[in-house]
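Welcome, and please take a moment to look over the sequence and the fold before reading on. The report below is meant as a friendly walk through the model.

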Amino acid sequence: MNITRENLDALNAVVKVDIAKEDYSDKVDKILSDYRKTANIPGFRKGHVPMGMVKKQYGKAVLVDEVNKLLQDALNKYLTEEKLDVLGQPLPKQKDDINWDADGFSFEFELGLAPEFDVNLKSKKAITHYNIVADDKMIDEQIERIQKQYGKLVPQDVVEKDSEITGAYKNEENEIDNTVTLTLDKFKGKATAKKFIGAKAGDVITLKTKGLYEDDHDLMHALKVSHDEAHGLEIEVTFTISEINKRELADLDQELFDKLFPSKEVTSVTELKTKIKEDAEKQFKQQSDQKLLNDVTEYLVDSTKFDLPAEFLTKWMQTSGEKEMDEAQAKEEYEKSEKSLRYQLIEGKLIQDNDIQVTIEDIKGHAKEMIKAQMAQFGQMNPSDEELEGIAARVLGNQEEARRISEQLISQKLIELYKEKANLKAKELSYEKFVKEVYGDK
């Protein structure tokens, strides 16, 4: 067997594989000999079928199968030994006139080669790295939400601005009949809230759905209609009040602290505020890191210039998916996936250049931490290591889950790399200001 390569340019090559008769003949003869022992052909005793007849009936199929196996093994070994960084998979050049009676065969494969390039993490313009803090306003609002959640309901005769009102939305024509509990601050306009002030149980209030809530999702849940129905819905509904209550805030005492933190780690309002701040800022760090990852990714894709074997990749996409595509569809698919492919190559380069690795112990450790956090939510604060090992083993038995965790850890290591080497400028702000700056005032 002989394998040669012709580099057409820096991104495209053709590999030629020449297979001689001696490369496959022994294997083919052995398989046919085994077939002869078991062949069941009328007119002949088992094991006594003439070899000529066995070859005539099975010879070509066995030959084709063995040559294809030999071809794939040889090609894969060649790519590994030559350390060729190929994109997609080798594409066989079509040969419609293979003479399977010949003593040898030649096959050609097109290769798309990965480009060579360097990655520069030092952008000219500094990328913002947000440090999101929980300010006093956020902490106080969270404490009030906790007090409401653990407070008690006191019946009221009439609706006041802070009442919790239970009642039913109805519209016979649209088959709406849904009982909900609401507070007046959920409505979009002050005029709507005014209609409720002073109302009593049994009163019926007529409302227009257009502009009733800030978000169509709130309207969807209130009326129990589909998302499509809620969007742009302009009808009148009635709301019949059945119950009015006021929620008295729970006292900020040790009884409440122990309900929130059974491990008794909080014994004062000051400690409660510190704990809320710590927990909130852990969540904010995840958002800040994700924003940093997105921004650096966008910078790298825009600034790292290299060519791709576009024609080869388009051709490869025609046959690589579950459904075969025509040339126009493959071209469209390539254009949609080009940015993602570029980042995969850049990410691979960063991982290689910076020796970023994720071991099975890393994956197992991360899985155990995730499991501990989930168990803590249900009051299981101190699971044994044996218990964690058993659950982690079951989780990682799912290859898809293990792959997802591995990708998470790679992303975390890349974020740490960016924090160390990218040109960043720190900016501290509250969560409310972060949302406005990054996502707009929504």
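What follows is a tour of the domains, the pockets, the aromatic rings and a few loop residues.

## Domains

Please keep in mind that this is a predicted model. The domain assignment divides the protein chain into domain 1 (2–112), domain 2 (130–135 + 267–439) and domain 3 (152–248). Domain 2 is thus written as two segments, 130–135 and 267–439. Between the centres of domain 1 and domain 3, taken over C-alpha atoms, there are 74 Å.

## Two pockets

Two pockets are described here, and the table sets them side by side.

| Pocket | Volume | Lining residues |
|---|---|---|
| Largest pocket | about 990 Å³ | 27 residues |
| Second largest pocket | about 630 Å³ | 21 residues |

Let us begin with the largest pocket. Which residues lie nearest its centre? They are Phe261, Lys275, Asp279, Gln283 and Gln377. Four helices each give at least two residues to the lining of the largest pocket: α3 (136–149), α7 (254–260), α8 (269–303) and α11 (360–377). Of these, α8 provides the largest share, with nine residues. Sorted by class, the lining of the largest pocket holds 13 nonpolar, seven polar and seven charged residues.

The second largest pocket has its own set of residues nearest the centre, namely Lys148, Thr183, Leu184, Asp185 and Lys186. Its lining draws at least two residues from each of α3, β7 (163–171), β8 (176–183), α4 (190–196) and β10 (236–248). The largest share, three residues, belongs to β8. How many residues of each class line the second largest pocket? There are five nonpolar, three polar and 13 charged ones. The helix α3 supplies residues to the lining of the largest pocket and also to that of the second largest pocket.

## Aromatic rings

Next come the rings. Across the whole structure, 13 aromatic pairs are found. One of them joins Trp100 and Phe105: the ring centres are 5.0 Å apart and the planes meet at 45°, so this pair is tilted. Trp100 and Phe105 are both buried.

Another pair, Phe434 and Tyr439, is edge-to-face, with 6.1 Å from centre to centre and 90° between the planes. Are its two partners buried or exposed? Phe434 has a relative accessible area of 0% and is therefore buried, whereas Tyr439, at 43%, is partly exposed. These two residues also belong to an aromatic cluster, together with Tyr130, Phe284 and Tyr431.

One more ring has a charged neighbour. Arg342 lies over the face of Phe306, at 4.8 Å from the ring centre.

## Residues in loops

Some single residues in loops are also worth finding in the view. Phe187 sits in the loop between β8 and α4. With a relative accessibility of 6%, below the 20% limit, Phe187 counts as buried. Phe187 and Tyr213 are 26 residues apart in sequence, yet their C-alpha atoms are 5.0 Å apart in space.

Asp85 occupies the loop between α2 (51–81) and β3 (86–92). Its relative accessible area of 52% is over the 50% limit, so Asp85 is exposed. From Asp85 to Leu111 there are 26 residues in sequence and 9.7 Å in space, C-alpha to C-alpha.

Two further loop residues have an unusual backbone angle. Most residues other than glycine have a negative phi. Glu175, which is not a glycine, nevertheless has a positive phi of about 55°. Where is Glu175 found? Its place is the loop between β7 and β8. Glu175 is exposed, with a relative accessible area of 74%.

Asp355 likewise has a positive phi, near 50°, and is a residue other than glycine. Asp355 belongs to the loop between α10 (327–353) and α11. At a relative accessible area of 55%, Asp355 is exposed. The helix α11 that follows this loop is also one of the helices that supply residues to the lining of the largest pocket.

Technical notes. Residues numbered from 1 in each chain as written. Predicted model: local features only at pLDDT ≥ 70, side-chain atom pairs only at ≥ 80, totals over all residues. Heavy atoms only, no water. 1 Å grid on protein atoms, 1.4 Å probe; cavity = no way out; pocket = protein on both sides within 12 Å on 5 of 7 lines; lining within 4 Å. Points joined across faces, edges and corners; volume = space filled by probe spheres on them. Nonpolar A, V, L, I, M, F, W, Y, C, P; charged D, E, K, R; others polar. Phe/Tyr/Trp six-rings, centres within 6.5 Å; stacked < 30°, edge-to-face > 60°. Buried < 20%, exposed > 50% of the residue type's maximum accessible area, 1.4 Å probe, protein only. Lys NZ or Arg CZ within 6 Å of the ring centre and 35° of its normal. Domains from an automatic or database assignment.
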